[in-house]
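User: Could you walk me through the reasoning behind some of the labels used for this protein?

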Amino acid sequence: MKPNSGTLVINIMNGGKAEAYEGVYQCTARNERGAAISNNIVIRPSRSPLWTKEKLEPNQVREGDSLVLHCRPPVGLPPPIIFWMDNAFQRLPQSERVSQGLNGDLYFSNVQPEDTREDYICYARFNHTQTIQQKQPISVKVFSMDSLNDTIAANLSDTDIYGAKPVTERQPILLTPTGSTSTKVELRGNVLLLECIAAGLPTPVIRWIKEGGELPANRTFFENFKKTLKIVDVSEADSGNYKCIARNILGSAHHVISVTVKAAPYWITAPRNLVLSPGEDGTLICRANGNPKPNISWLANGVPIAIAPEDPSRKVDGDTIIFSHVQERSSAVYQCNASNEYGYLLANAFVNVLAEPPRILTPANKLYQVIADSPALLDCAYFGSPKPEIEWFKGVKGSILSGSEYVFHDNGTLEIPVAQKDSTGTYTCVARNELGKIQNEVQLEVKDPTMIIKQPEYKVIQRYGQVSFECIIKHDSTLLPTVIWLKDNDELPDDERFLVGKDNLTIMNVTDKDDGTYTCIVNTTLDSVSASAVLTVVAAPPTPAIIYARPNPPFDLELTGQLERSVELSWIPGDENNSPITNFVIEYEDGLHEPGVWHYQTEVPGTQTTVQLKLSPYVNYSFRVIAVNEIGRSQPSEPSEQYLTKSANPDENPSNVQGIGSEPDNLVITWESLKGFQSNGPGLQYKVSWRQKDVDDEWTSVIVANVSKYIVSGTPTFVPYEIKVQALNDLGYAPEPSEVIGHSGEDLPMVAPGNVQVHVINSTLAKVHWDPVPLKTVRGHLQGYKVYYWKVQSLSRRSRRHVEKKILTFRGNKTFGMLPGLEPYSSYKLNVRVVNGKGEGPASPDKVFKTPEGVPSSPSFLKITNPTLDSLTLEWGSPTHPNGVLTSYILKFQPINNTHELGPLVEIRIPANESSLILKNLNYSTRYKFYFNAQTSVGSGSQITEEAVTIMDEAGILRPAVGAGKAMASRQVDIATQGWFIGLMCAVALLILILLIVCFIRRNKGGKYPVKEKEDAHADPEIQPMKEDDGTFGEYSDAEDHKPLKKGSRTPSDRTVKKEDSDDSLVDYGEGVNGQFNEDGSFIGQYSGKKEKEPAEGNESSEAPSPVNAMNSFV
């Protein structure tokens, strides 16, 4: 133990083990007056054990599944701080998907391929021993579906069926805590941490609510991506059920945590030292609360009071010790111990029985100096037993001070809230008890405030000029002021150009860096004032100009003619700075209710320097004046002296009174509180009155303060109430308030609408009717009705699907509504519910109705395959939405000639159970346009169209007879090997070469070469082998090259006809007819000269195709 001290030092630096000193310590201090004891001090050595050895298997998990990596740190003292890092000592990133739990485990709501790694390492940091322990790395391998399918495919034959399921979305499930409910106990004043971590894909979002209440404002925080709910400084009111809800697009999961807040003992009234004189009575009170309720026990001088020396003047009554007619031997130190299972409190209280005459501890003739209109505090520290009574006098023969202009503190201090010049003088403090009397005098001096009567003004100065700021002050003659100048709130530059005079600052040879704000600060030992002005440095103007500026602030404000509700204010205007003052704005400050906040009072013309001001009761007014000219507003003047008006009854009552129930059995009455100056006096309160409307009841009233809401409990559900709120203060009530009508809380409606009827108007629209529910059963404000309706099944398919309910809301007391957007030939159900401000009532019985048939949608597809000389095969799919029973299909088709003219239309009706058709006896090498639609008994649906071409024979002349297919197949030879075809190609190549040579010669000569002249001069039948009868080319086949002539014109694999957009497509060279492939892969097509529409004059172009185009389009 340290000498002359009660401090016990335990030093193990030179040997010894900390475990040897583990235990509970308590200090006792004792003298002849008694013994005091300290709280128990527990010493425990810190521990940082190593991780236990364990074999960690690699985690192999499928993409999208959840995963938990367990940390399981060693138990240390104090507990370690857990964090996850990799081999590079970088913290592992965490998100809504991956996060660390309170227990240190790492949770994956769903794993992704990027989670694959071999260095998930859990670290435990023991701060007290400054050590970090590391767990063995954990390996995680995530199998994606693509890689899993590749692995499976590599091990199966072609005939096996394989393929892992794709990543499937899953609705949330909770990883922690488990089950649907759990419990949590926390101590009052601690931090409550609740955690919910969920698995699911997509990653669930966590939301927290408190059942039957709201989360405490300003004490609730969300951590770990809202997975952890944190409530600081918990109290018993925070007990209850907390629900966490995990939700994604597939659904939700929830868990309810029942929280109970217990409390270690805490003081309500701790025992205090007691000084008694012999023969006096007194009490020691020791009151504590906790959960469970703490036990109170007393000790005297460290010994349980039951076995302490007996004292006849002492009586123990639970948490109170009662002293009666004490004697000096009754002095002792008493200890109060309040304990429960969660802790204990110990407090020492010294009961000192002594007889002492009064003593005043404040030095005699102490001088107090204050500034006028500020508070003055005169001390009179005293001691004595019995406790002396204190009285104050002013002057040598003055009377006892009393009244509202003085405040007497329990410690003997006299406070003068607003000291005036006439408050100066000698004040005498007298302390007396039955053993004697003593007095002490102190001096009070009230000084005039320091003022800047000529403030520095805004200056605009030319570069290299001279500028001066004035700062003329007025101060109390007994105070010595000091003036300090600042530039931009910092010291002046150390520059000889800055000259500080008695009442000014001069800057010589001004430069641009002198631009800024200059502040004059005047300090005395009692107060400080300041004023600022801006200096703007500009270049020299070509001609001098008059400077217009805002006016200087008014000064010398004076209050006269003070009355209860009015006062006269006068002032002296400041310099107008070359712009006449247009008006003065008067503002006031309420130093009693809102010190430092200035409010607009009134304004007067610029020619007026006095104004009569209307005042409110119980306001400590200060006024200031602002001058206004065309340039702007001046700085505010210095405040006037303060004027405290007398108190009065409130003039008005609270506004915006409302009564709205928050629960079915209460009425919440709210109002807007009065502002401070509207109170008109101290002790502002509100009288809240209510009674049930249309019931012969008396008014029920309560008086409340410092609130703007009152809750009336135990009310019937949704009944009207008459409500009024009246203001009052210590002087009386405001005028009688007006009554407002409110309603107690709503509850859910009791009954469902009846007599629900459905009238089907057509296949997509229905009208629903219902009877209104009785208003008494609504139990709230009727907001309307909701119609829930959903499709049960399609009558044509007889297959159920996922039910998607639709909701229509009809406001007010409507009893019918239209249901649009129905699907034809379907079975529907609906029900109707009434809605009030609380929610929805019960649903009416489900009503079933069916929609009639409608016209079907278009067939799902139409394919045309297997073209021959005189036939085409059509295949189609049934409509996606038959909207009824299909009766038949309608096929219409017509030929299209080379000029895009349509031939006669042929119509065929096909049974509804057919899905293909072979059309025969068609013209060879002819384009047909097909129109195809489905029919129900209601009518025809929308149609789809397609085009296709029959093929031509080898010669392109004769239409084959029936049975000639075999002969035609034998006549198909490879023309690329025929001599006439080779000769023709050589002639075309030679002709192109000659044309190129001629173009080159003409270009070198610089002459023009019009395309039309070239074509006219070199026209050759061999390069335009068009047939005269139908405008088509001959047949071409190349068995060694099956590629189309131009990229982008390849026929689709299903041989349906599709037009491409490429500018080089073969379609651009024909009448919109695409080429097709024959069965052996050779290309067969028809081409004709390209025709384009001319302008309205009707002139047709005579331009012949170029040789290159002729070559590209030749077969």
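Analyst: Happy to; we will go through aromatic pairs, burial, charges over rings and one sheet. This is a predicted model, where local features need pLDDT of at least 70 and side-chain atom pairs count only at pLDDT 80 or more, while totals for chains, interfaces and linings use all residues. Residues are numbered from 1 along each chain as its sequence is written, and side-chain values use heavy atoms, with hydrogens and water left out.

User: Why is the aromatic pair of Phe-83 and Tyr-123 called stacked?

Analyst: Rings of Phe, Tyr and Trp (its six-membered ring) pair if their centres lie within 6.5 Å; planes under 30 degrees apart count as stacked, over 60 as edge-to-face and the rest as tilted. Phe-83 and Tyr-123 are 5.6 Å apart centre to centre, with 10 degrees between the planes, so they pair and count as stacked.

User: What makes this pair a tie between parts of the chain?

Analyst: Phe-83 belongs to strand β7 (residues 81-85) and Tyr-123 to strand β10 (residues 117-126), so the pair ties together parts 40 residues apart in sequence. Strands here are DSSP runs of E with at least two residues, numbered from the N terminus.

User: Are Phe-83 and Tyr-123 buried or exposed?

Analyst: Buried means under 20% relative accessible area, exposed over 50%, and partly exposed in between (1.4 Å probe, protein chains only). Phe-83 has 5% relative accessibility, so it counts as buried. Tyr-123 is buried too, with a relative accessible area of 5%.

User: How do you know which label fits the pair of Phe-893 and Tyr-928?

Analyst: Their centres are 6.2 Å apart and their planes 65 degrees apart, so by the cut-offs this is an edge-to-face pair. Phe-893 is buried at 9%, and Tyr-928 is buried at 4%.

User: What makes Lys-767 count as sitting over the ring of Phe-816?

Analyst: The rule asks for NZ of Lys or CZ of Arg within 6 Å of the ring centre and within 35 degrees of the ring normal. The charged end of Lys-767 is 4.9 Å from the centre of the Phe-816 ring. Arg-833 lies over the face of Tyr-788, 4.1 Å from the ring centre.

User: How do you know that β72 and β73 pair?

Analyst: Two strands pair if DSSP finds at least two bridges between them. β72 and β73 (residues 872-879) are joined by 6 bridges, so they pair, and they run antiparallel. In β73, Glu-875 is the bridge partner of Lys-863.

Conventions
Helix = DSSP H or I, 4+ residues; strand = E, 2+ residues; numbered from the N terminus.
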